[in-house]
Amino acid sequence: MGLPDSDQLQGTLVDFALGELVRHNRESFQPLWTVDSWAKLMIWLALNCGLSGDSESLEHFAAALGERITSRLRRTFFERELADLELQVLADPAEQQVLLLSQDPGNPAVLAPDRLMRALERVSLTPRVVQDQGRWQRLEAVVAIPWEVCRD
């Protein structure tokens, strides 16, 4: 198998750099886990690309990114990896539920309620999700937790 061409390498580098930029800055866009925080990130990116903050410029920026890049950025923005708890948290406010995924599906202890609560607390999601564990839905290696009704 040959080496990737220049376009492939540049695309990989840009994808990597964008992902790192989002991961390193996502906590600064408050309130976390909201549509507002996502909008603030997108405005910040647009401004740093030399665009103004008016509606036309922001719409142009979003269109220029395209659906594929925007979806990847959004997923990166709303997910957290908690390696020590062996959990991945996916908490996009556009979805109906927060998902906690086991990174060790063969180990049922990973999805123990106390471990899930620690994960929610660590990423500051506790006040934004339903606390009644009876409403949590456990699937094979995933627990789905509804958002609180009063989310932003």
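**View 1. Lining of the second largest pocket in the predicted model.** In this predicted model, the second largest pocket is lined by Ser 71, Arg 74, Arg 75, Phe 78, Glu 79, Leu 90, Ala 91, Asp 92, Glu 95, Gln 96, Gln 97 and Leu 99, and its volume comes to about 200 Å³. Helix 3 and strand 3 each contribute at least two residues to the lining of this second largest pocket, with helix 3 giving the most, namely 3 residues. Sorted by class, the lining of the second largest pocket holds 4 nonpolar, 3 polar and 5 charged residues. Two of the lining residues, Arg 75 and Glu 79, also meet through their side chains in a salt bridge, at 3.3 Å from N to O. Glu 79 is buried, with a relative accessible area of 13%, whereas Arg 75 counts as partly exposed at 48% relative accessibility.

**View 2. Phe 77, Phe 78 and the aromatic cluster.** The whole structure contains 5 aromatic pairs according to the search, and one of them is formed by Phe 77 and Phe 78, whose rings are arranged edge-to-face, with 4.8 Å centre to centre and 85° between the planes. Both Phe 77 and Phe 78 are buried. Together with Trp 33 and Trp 38, these two phenylalanines make up one aromatic cluster. Phe 78 also appears among the residues that line the second largest pocket, which links this view to the preceding one.

**View 3. Lining of the largest pocket, between residues of helix 1 and helix 3.** The largest pocket encloses about 270 Å³ of space, and its lining is made up of Gly 11, Val 14, Asp 15, Leu 18, Gly 19, Arg 23, Arg 68, Ile 69, Arg 72, Leu 73 and Thr 76. Helix 1 (6-25) and helix 3 (55-77) each supply at least two residues of this lining, and the largest share, 6 residues, comes from helix 1. The lining of the largest pocket divides by class into 4 nonpolar, 3 polar and 4 charged residues.

**View 4. The salt bridge of Arg 23 and Glu 20 in helix 1.** Arg 23, one of the residues lining the largest pocket, meets the side chain of Glu 20 in a salt bridge of 3.1 Å, N to O. The two residues lie 3 apart in helix 1, so that about one helical turn separates Arg 23 from Glu 20. Arg 23 counts as partly exposed, since its relative accessibility is 36%, and Glu 20 likewise counts as partly exposed, at 25% relative accessibility.

**View 5. A salt bridge between distant parts of the chain, Arg 122 with Asp 84.** The structure has a count of 8 salt bridges, and among them is the one in which the side chains of Arg 122 and Asp 84 meet at 2.7 Å, N to O. This pair links distant parts of the chain, with Arg 122 in helix 4 (residues 113-122) and Asp 84 in the loop between strand 1 (79-82) and strand 2, 38 residues apart. Arg 122 counts as partly exposed, its relative accessibility being 43%.

**View 6. The open sheet and its edge strands.** Five strands form an open sheet in the order 1-2-3-5-4, with antiparallel pairing. Strand 1 and strand 4 (137-138) stand at the edges and have a single partner strand each, so one side of each is left without a neighbour in the sheet. Strand 1 runs antiparallel to strand 2 and is joined to it by 4 bridges, and within this pairing Arg 80 has Val 89 in strand 2 as its bridge partner.

**View 7. Strand 3 with its partners, strand 2 and strand 5.** Strand 2 (residues 87-90) pairs with strand 3 in the antiparallel sense over 4 bridges, and a hairpin of 6 residues joins strand 2 to strand 3. Leu 87 has Ser 102 in strand 3 as its bridge partner. Strand 3 also pairs with strand 5 (residues 142-146), again in the antiparallel sense, over 5 bridges, and here Leu 101 stands opposite Val 142 in strand 5. In a regular strand, side chains alternate between the two faces of the sheet. Strand 3 (residues 97-102) has a covered face with Val 98, Leu 100 and Ser 102, and an uncovered face with Gln 97, Leu 99 and Leu 101.

Notes:
Residues are numbered from 1 along each chain as its sequence is written. This is a predicted model: local features need pLDDT of at least 70, side-chain atom pairs count only at pLDDT 80 or more; totals for chains, interfaces and linings use all residues. Side-chain values use heavy atoms; hydrogens and water are left out. Rings of Phe, Tyr and Trp (its six-membered ring) pair if their centres lie within 6.5 Å; planes under 30 degrees apart count as stacked, over 60 as edge-to-face and the rest as tilted. Buried means under 20% relative accessible area, exposed over 50%, partly exposed in between (1.4 Å probe, protein chains only). Two strands pair if DSSP finds at least two bridges between them. On a 1 Å grid over the protein atoms alone, a cavity is a set of points where a 1.4 Å probe fits but cannot get out, and a pocket is an open set with protein on both sides within 12 Å along at least five of seven lines; lining residues have an atom within 4 Å of a point. Grid points are joined across faces, edges and corners, and a volume is the space filled by probe spheres set on the points. Ala, Val, Leu, Ile, Met, Phe, Trp, Tyr, Cys and Pro count as nonpolar, Asp, Glu, Lys and Arg as charged, and the others, Gly among them, as polar. A salt bridge is a side-chain nitrogen of Lys or Arg within 4 Å of a carboxyl oxygen of Asp or Glu.
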